Each structure stands twice: as structure tokens, then as C-alpha cells.
Amino acid sequence: MTTTMEVTGKIAHILPTVEGQGKNGPWKKQQVVVEYGDKYPKMACFTLWGDLILEDEGLAGETVEVSFDLESRENNGRWFTDAKAWKFKVL
């Protein structure tokens with residue numbers, strides 16, 4: 001079963017773009033922290049890849065809608081979870 005996960009909130013932090021070289025060629029990613037929720041706000045860090053990367057760092061505070069997938073991986077007995085955005089829309 002596939003479930004679409006979405007969050008609407010405000011951009012709290014835009015982290016610098018990270019670039020690298022993989023076996024399939026060059027890649028770029030960026031992490032963006034979004035604050036969401038009304039009474040008890042929470043923050044979530046989303047990873048944006050390729051074309052989704054924000055070129056304008058002045059977007060902090062803007063309201064966005066994020067569609068994402070959660071992916072977990074294990075490394076040496078520890079688990080790490082990544083929220084990978086596949087749609088990032090400034091409203």
C-alpha cells in the first residue's frame with residue numbers, strides 16, 4: 001500500500017546545497033527545515049534533490065506544501081530515517 005504524505009508549513013531554515021559525484025554522475029541535495037502545526041508546532045527536515053533545490057535562500061518564512069516519502073536504512077545496528085521530498089511548492 002502506498003500513502004502520500006504531505007505537510008504544509010513555514011520554512012524555518014534552508015541549509016546549504018551539498019554536491020557530489022556518484023557512479024551515475026554528479027548529484028546535488030539540500031535540506032530544508034519546515035515548521036508545521038498550530039497549537040504545538042513541530043519541525044521536520046526534508047531532503048530536496050536536483051530540480052527541487054531552492055536557489056533563493058530568502059524564502060525563509062514562506063508557506064510551503066511538501067509531498068514526501070519516508071525511507072529508513074540501517075548502518076552498524078543503528079537506524080536512520082530520511083524524509084525525501086518529491087514535490088516542494090511555495091504557496
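Serine 67 is buried in this predicted model, because its relative accessibility is 1% and the cut-off for a buried residue is under 20%. Serine 67 belongs to strand S5, which covers residues 63–75. Its side chain makes a polar contact of 3.3 Å with the side chain of glutamate 6. Glutamate 6 is also among the residues in contact with serine 67 once neighbours within four places in sequence are set aside. The others in that set are Met5, Lys84, Ala85, Trp86 and Lys87. Met5 and Glu6 fall within the range of strand S1 (5–14), and Lys84 to Lys87 within that of strand S6 (78–90).

The chain around this residue is built from strands. It has 6 strands and 0 helices, and the order of elements from the N terminus is β-β-β-β-β-β. Of its 91 residues, 26% are buried. Among contacts between residues at least 6 apart in sequence, 46% join residues that are at least 24 apart. The C-alpha trace spans about 40 × 30 × 25 Å along its principal axes.

The next topic is the interior. In soluble globular proteins, nonpolar side chains tend to be buried together. Here the largest nonpolar core has 16 residues, and those touching the most other members are Ile11, Val34, Phe46, Leu54, Val66 and Phe88. At least two residues of this core come from each of strands S1 (5–14), S3 (25–36), S4 (42–49), S5 and S6 (78–90).

Phenylalanine 88 shows what one of these core residues meets. Apart from neighbours within four places in sequence, its contacts include Ile11, Val34, Leu54 and Val66, which are also named among the core residues that touch the most other members. Phenylalanine 88 is in contact with Val32, Leu48, Leu52, Val64 and Glu65 as well.

The surface comes last. The accessible surface of the chain is about 6600 Å², and carbon and sulfur atoms account for 49% of it. Val18, Trp27 and Trp49 make a nonpolar surface patch of about 250 Å². Is valine 18, one of these three, buried, partly exposed or exposed? Valine 18 counts as partly exposed because its relative accessibility is 39%, and that class lies between the cut-offs of 20% and 50%. Valine 18 is located in strand S2, which covers residues 18–22. Serine 67, by contrast, counts as buried at 1%.

Notes
Residues are numbered from 1 along each chain as its sequence is written. This is a predicted model: local features need pLDDT of at least 70, side-chain atom pairs count only at pLDDT 80 or more; totals for chains, interfaces and linings use all residues. Side-chain values use heavy atoms; hydrogens and water are left out. Helices (H or I, at least four residues) and strands (E, at least two) are DSSP runs, numbered from the N terminus. Buried means under 20% relative accessible area, exposed over 50%, partly exposed in between (1.4 Å probe, protein chains only). A polar contact is a pair of N or O atoms within 3.5 Å; within protein, one must be able to donate a hydrogen and the other to accept it, and residues adjacent in sequence count only if both atoms are side-chain atoms. Contact means heavy atoms within 4.5 Å. Patches are made of residues with over 30% relative accessible area and no salt bridge: like charges are joined within 9 Å, nonpolar side chains (Val, Leu, Ile, Met, Phe, Trp, Tyr) within 5 Å. Accessible areas come from the Shrake-Rupley method with a 1.4 Å probe; for residues, only the protein chains shown count as cover. A salt bridge is a side-chain nitrogen of Lys or Arg within 4 Å of a carboxyl oxygen of Asp or Glu. A nonpolar core is a set of buried Ala, Val, Leu, Ile, Met, Phe, Trp, Tyr and Cys residues joined through side-chain atoms within 4.5 Å.
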